[in-house]
Amino acid sequence: MIILKKVAVIGLGYVGLPTLVAIHKTGKYQVVGFDIDKKKIKNMKNGISPIEDENVVKAIRKKSLLVTDDENDLRDSDVFLICVPTPVFSDYSPDYGPVESATKVCAKYLKKGCHFVLESTVNPGTCEEIVKPILESVSGLTAGKDFNVAHCPERINPGDKKWNIYNINRNIGSINSEWNGIIADFYRSFVTDAKINEVSCLKVAESTKIVENTFRDINIAYVNELAQSFDAMDIDLHETLMAASNKPFAFMVHWPGCGVGGHCIAVDPYYLIKRAGLAGFNHRFLKIAREINNSMPEYAVNKLMLGLNEMGLSVKGTKITLLGLSYKANVGDLRESPALEIEKCLRKLGADLIVYDPYVDNGIKNLREAIKDSKAIVLATAHKIFVEELLDKLKNSKVRLIIDGRNCLDSGKIKKLKIIYKGIGR
Ligand code: SAJ
């Protein structure tokens, strides 16, 4: 067995960069970060970080990290950590492209005794059915005999102030157990305040993350369906969930909204649906949950149409402000964002539309300008600035209807301004 000296992190995004910094910080390894995005590498070499993580911003500013787009810099690595995206195509089928191309690049530099570790979220079977054949055919080496293939699913939560790469437990599985002990100890050298749990095989490791994220998707779908029935029954689901969540055991609250976005929850279930389908199992429940969550942007637009109806107005020609484009509060990430669906719907219906997201530069300077002259607002992202400042801006506005797609506003205070308030299940 070789001593692990050189570590290559492939894919320098919200997972790869904090990982690169954490490994570099140990001072125990020669570390190189590789990305195919030449502009991103150029910016980082000039001290500009592509993500907001403060440890990463500091390290990039100090230029203490070796980052490169030259694959030759991967030569002689003992560990390859693959942290590339696992998106879906427009038909929701898994897009293994980034994983396959990263694997093909690293395969050229595999050597006896090294470890190839996939961190990207994938369905069970990906390592053995997609990654391993590429590694063996390109390198001519045998996985499990000459080198290790491992899976250690990432659990980075962008913007989370409490949980980070150092204190989040990890699960790791390898092509066989003797290799797994070595790579698990490598993780223990930089994941300093958490457990590294060695599982029995690659498929169990791959399954843990996909189960974690499908768990979240179905629970959100559950409350999104409840929101529709509670709207029909005119019962405040938000208050009901607040009350239910004071149960100290066996209840984990989730919140209804105008949709589920992001590169994890909105995407991961399709990987499991696809792979289980190949094994002859039809994940009806996961599919229905996806359908419910994907229907929520339209549900929010329908509430807007009902509200405008009460005012004798139609969407067409009415000045409407869409607040928020990002899929998640207080970040500027549009991937799979439900707000984009809402925007598309409103434009199709002929709204005189203003779109404002403080994290997305689209020419609208501030919240006051964004709602100026608008009759209605659809809030799609619970950015702090909206929650804290919108009410005040409403007082002297022409706004007469608000669709609160994240149930994040004070409905009582808004109604006092004689503004029609409609939430999601509220
Ligand atoms: N959402 C709801 N209702 C909820 C929770 C979320 O509608 O109760 C929506 C959000 O608005 C967003 C989408 O779902 O559009 C995803 O939200 P998220 O909070 O799950 O954010 P992500 O996509 O960043 O998920 C990440 C995941 N972390 C990893 O994959 C390592 C996920 O496993 C975490 O559970 C999640 O963060 C988290 O807990 O914040």
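**A pocket and a ligand**

Trainee: Which helix gives the most to the lining of the second largest pocket?

Mentor: Keep in mind that we're looking at a predicted model. The pocket has a volume of about 1,300 Å³. Seven of its lining residues come from one helix, spanning residues 202–233, and that top contributor is helix α7.

Trainee: Which domains does the lining of the second largest pocket draw on?

Mentor: The lining takes in 44 residues, with N157, R216, I220, I265 and K328 nearest the centre of the pocket. At least three residues come from each of two domains: domain 1 (6–200) and domain 2 (214–426).

Trainee: By class, how many residues in that lining are nonpolar, polar and charged?

Mentor: Let's go from the charged end. There are eight charged residues and 16 polar ones. The rest of the tally is nonpolar, so to speak, with the full split being eight charged, 16 polar and 20 nonpolar.

Trainee: Now the ligand: what share of its exposed area does the protein bury?

Mentor: Start with the neighbours: 18 residues surround the ligand, and N157, N213, R216, W255 and Y327 are the closest. A polar side-chain atom of N213 sits 2.6 Å from a ligand oxygen, while Y327 brings a backbone N or O atom to 2.7 Å from an oxygen of the ligand. Taken alone, the ligand exposes 740 Å², and the share of that buried by the protein is 83%.

Terms used: Residues are numbered from 1 along each chain as its sequence is written. This is a predicted model: local features need pLDDT of at least 70, side-chain atom pairs count only at pLDDT 80 or more; totals for chains, interfaces and linings use all residues. Side-chain values use heavy atoms; hydrogens and water are left out. On a 1 Å grid over the protein atoms alone, a cavity is a set of points where a 1.4 Å probe fits but cannot get out, and a pocket is an open set with protein on both sides within 12 Å along at least five of seven lines; lining residues have an atom within 4 Å of a point. Grid points are joined across faces, edges and corners, and a volume is the space filled by probe spheres set on the points. Helices (H or I, at least four residues) and strands (E, at least two) are DSSP runs, numbered from the N terminus. Ala, Val, Leu, Ile, Met, Phe, Trp, Tyr, Cys and Pro count as nonpolar, Asp, Glu, Lys and Arg as charged, and the others, Gly among them, as polar. Domain bounds come from an automatic or database domain assignment. A residue is near a molecule or strand if one of its heavy atoms lies within 4 Å of it. A polar contact is a pair of N or O atoms within 3.5 Å; within protein, one must be able to donate a hydrogen and the other to accept it, and residues adjacent in sequence count only if both atoms are side-chain atoms. Accessible areas come from the Shrake-Rupley method with a 1.4 Å probe; for residues, only the protein chains shown count as cover.
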